[in-house]
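Here's a quick tour of one protein model, written for someone just getting started. Have the sequence and the 3D view open, and click on each residue as it comes up.

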Amino acid sequence: MVTMPLKWGSRLALLCVLLVMAAASAAAQDALFSSAAKQKAESLLKQMTLDEKIGQLNQASGIVLQGLADEKPDNLIVQGRVGSVLWLNDVHEINRLQHLAVEKSRLHIPILFGFDVIHGYRTVFPVPLAMASSWDPSVEERAQHLAAEDARAAGIEWTFTPMVDIARDARWGRIVEGAGEDPYLGAAMARAQVLGFQGEHMGPESVLACVKHFAGYGAADGGRDYDSSYVPEELMRNVYLVPFHAAEQAGAGSFMSAYMDLNDVPASGNHWLLTDVLRKDWGFQGLVLSDAFAVQNLQTHGYAKDPEDAAYKAITAGLNMDMASETYTHNLAKLVKEGRVSETYIDQMVLPVLEAKYDLGLFDHPYVDESKVNTVLDRPEGLALERKLAGRSMVLLRNEDHTLPLSKGLKKVAVIGPLADSTQDIEGGWTVEGLFGPSGKSHPVTVYAGIKKMLGSDAEVTLVSGPVPSRLYPGLLDQLKGVKMSPPPTPEETADWITKVKAAAANADVVVAVMGETADMNGEAASRATLNMPGIQEQMLEAVAAAGKPVVLVLENGRPLDIRWASEHVPAILEAWYPGTEGGDAVADVLFGDVDPGGKLPVSWPRVAGEEPLYYNHNLTHEPEDQPGFTSRYWDMNSKPLYPFGYGLSYTTFQFANLRLSKASMAAGDTNEVSVDVTNTGSVAGDAVAQVYIHQRYGSASRPVRQLEGFKRVSLQPGEKKTLTFPLGSHELHFWDPQTKKWVVEASEFDVWAGGDSKASLHAGFAVTQ
Ligand code: NOJ
């Protein structure tokens, strides 16, 4: 790291300011639900029987599927024993069930319908990891706002979004669903999504957000989904919980408990998480929903003796609603009758469910206007926004000799790779209408189609797809979707494909290879032990590179991959992630220079899977970095990332200069202002993302070598300069002290860096005194 003279003396001034964050945040918080909703909920509660109250804590499956539910929830709904229904996207069925609840149940309490509206409804936006790559929370907020409008029009009032799990390990398949490895960036994206779905205040237009998976899920051992997480409290507080708290402070109405064991206590029965942190420290007033079957699975974990014990452990931990397992339905009444759980406590658990329903306007307008659904879902502005966002999310990883942008005058282009024309993959996984099989309602544009459209009929655009890479095990939803896995190609088939791609390359002016992972290779239960490009993709790439034509690799994937070979031999690499419905057009926009790639990596990009977990904000070791001797490194491989966190090229160049601070020394509790000038030094307009990193040199705990504490994405014309400012106050400087178990801002010296990625070298420093 860059060092600076110890201007302020070396006395370890460890007097610290204790920030009583929890009390302050709980006290200062606005009420989550309106007082009108509270009053109505309380008066309704007085009329409810115990069974009806417990009914509000039951979220039933709306679909009948082996492993999910044996029958429709109709009877339970009529008895008032269903508070919410999930997994339905058929608006007619939603209305049918709602009629049962509102017209046939004793108290006419409407159902709250929930579904995973993760990255759009019919218009599918880039996957969340891609949206985080935009480093533009306003973009994500707009996308989620549009998704919320679509969802409400289609009868969904509750989304199981945002997924804010920090992921430091690309083997973990769910890294695609979140904002990557960084708590600061993750918090910004979390906040934006909550505001996008709910707005500033919950109302009849809002979709109730559900922040998940609370918490520590991304730290699964070995990156294997569902495996235990062991995360000490200081790491939870300083890293893993940060985006959750940001979402809570933005007004998120609900949280979802995670599946895994956190420090030996399953998250869905974890009192520390659900009550001590969430409710007592943060003052959360909303409701906690379990993940699917997670209450019942407290038994599978070896934590609960039987379903009754599971219900007891979940409800007393602070979990309001049971998703899909009906463990509450069958056991809570007995627990109350035996006096193990008081009815007053059940009342507290039920109130936020009712309050949410009142504020979301369900009592006034329980039904959906079926005639309007498609008009809303097919709005052209949705597609226009999606194309824009997709372009803003792409990250240019390599561009030797200005290979990109390509000329629009090209006459012969070969487009190769199994993802080049795959409508199944361009939108990524976990889409509302495609979840249980292709819906045929959206019309995704592939990269092949996008390039053809861009070049027009004068150009010859040849497609050689190659075999679809297969998984060793079928994906979570493969059976439901009827997907059949093809076996890997035989040596003869492989040779045949190689001959075909070579011929296509020989006949082309430029080759665009679209490669990566099929969408079902990431997501839930989709962890990987290697990060290679699966199947024969790399062989195909090597074959076309040998043809001597300019090659551009467009990656479609949900996690960083092992692209060591490509990073040395392929002149241009564009990370497109899964860019969504208009993805192919958006890729063409970037490839042909209509859009400057301004996205930056939200993760450190490893060379090989063996480097994982890999993250930039690690602590210093006892030996300074980059010294010969006993440094922390592998002897057989460079242990640094291939591309650092925050990295991304552009078609122009930027200069960062004149880093200054408003104070050389300041008291704890004050705010320092960082300023930096950013100039577009190239010849085309482009977007820079200015990033500010800090490091506390010493104190009551070792602090990360660098941590992001500010960023801004700005558009600059050639030659244009902007001065950007960032505050460094208590919120940026504080940390959870593992020794005192308190939030502190300590008297110490701080390094500040500003620049275009986490390796930024422009440096300044300041001191915090008491
Ligand atoms: C399980 C997943 O872990 C969670 O993310 C999702 O929201 C629920 N299923 C409901 O579909």
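V551 counts as buried, because its relative accessibility is 2% and buried means under 20%. You'll find V551 in strand β16, which covers residues 551-556. Keep in mind that this is a predicted model, so each point below describes a prediction.

**Pairs to look up along the chain**

- Start with V551 again: V511 is 40 residues away from V551 along the chain, yet their C-alpha atoms are separated by 4.8 Å.
- S632 sits in the loop between α24 (583-591) and β18. With a relative accessibility of 56%, S632 counts as exposed, because exposed means over 50%.
- The partner to check for S632 is T621: the two are 11 residues apart in the chain, and 7.3 Å separates their C-alpha atoms.
- G302 belongs to the loop that links α12 (297-300) and α13 (307-317). G302 is exposed too, at 67% relative accessibility.
- Now jump from G302 to K600, 298 residues apart along the chain: here the C-alpha atoms are separated by 42 Å.
- F630 is in the loop between α24 and β18. Its relative accessibility is 71%, so F630 counts as exposed.
- If you pair F630 with V85, you get 545 residues of separation along the chain and 57 Å between the C-alpha atoms.

**The ligand and its neighbours**

- Which residues surround the ligand? They are W87, D116, F160, R174, K212, H213, M256, Y259, D291, M323, W430 and E524.
- Sorted by class, this shell has six nonpolar residues, five charged ones and one polar one.
- W87 has a polar side-chain atom 2.9 Å from an oxygen atom of the ligand.
- R174 offers a side-chain N or O atom that lies 2.7 Å from a ligand oxygen.
- K212 has a side-chain N or O atom too, and the distance from there to an oxygen atom of the ligand is 2.8 Å.
- How much of the ligand does the protein cover? On its own the ligand has 300 Å² of accessible area, and the protein covers 98% of that.

**The nonpolar core**

- In soluble globular proteins, nonpolar side chains tend to be buried together.
- The largest nonpolar core here has 167 residues. The members that touch the most others are F214, F255, L397, L541 and I563.
- Helix α15 (residues 343-359) supplies the largest share of this core, with nine residues.
- Two domains feed into this core: domain 1 (31-117 + 156-372) and domain 2 (384-601) each give at least three residues.

**Backbone oddities**

- Most residues other than glycine have a negative phi, and most peptide bonds are trans. Here are some spots to compare with that.
- The peptide bond from K212 to H213 is cis, and its omega is near -5°. H213 is part of strand β6 (residues 210-214). You've met both K212 and H213 already, since they're among the residues around the ligand.
- Another cis peptide bond runs from L404 to P405, with omega near 0°. Look for P405 in the loop between β12 (395-399) and β13 (412-416).
- W430 isn't a glycine, but its phi is positive, at about 55°. W430 lies in the loop between α18 (423-426) and α19 (447-455).
- Is W430 buried, exposed or partly exposed? Its relative accessible area is 21%, so W430 is partly exposed; the cut-off for buried is under 20%. W430 is also one of the residues surrounding the ligand.
- N658 isn't a glycine either, and its phi is positive as well, near 60°. N658 is in strand β18 (residues 654-661).
- N658 has a relative accessible area of 42%, so it is partly exposed, which means it falls between the 20% and 50% cut-offs.

Technical notes. Residues numbered from 1 in each chain as written. Predicted model: local features only at pLDDT ≥ 70, side-chain atom pairs only at ≥ 80, totals over all residues. Heavy atoms only, no water. Near = heavy atom within 4 Å. Polar contact = N/O pair within 3.5 Å; in protein donor to acceptor, adjacent residues only side chain to side chain. Areas by Shrake-Rupley, 256 points an atom, 1.4 Å probe, with all protein chains shown as cover. Nonpolar A, V, L, I, M, F, W, Y, C, P; charged D, E, K, R; others polar. Core = buried A, V, L, I, M, F, W, Y, C linked by side-chain atoms within 4.5 Å. Buried < 20%, exposed > 50% of the residue type's maximum accessible area, 1.4 Å probe, protein only. Helix = DSSP H or I, 4+ residues; strand = E, 2+ residues; numbered from the N terminus. Domains from an automatic or database assignment.
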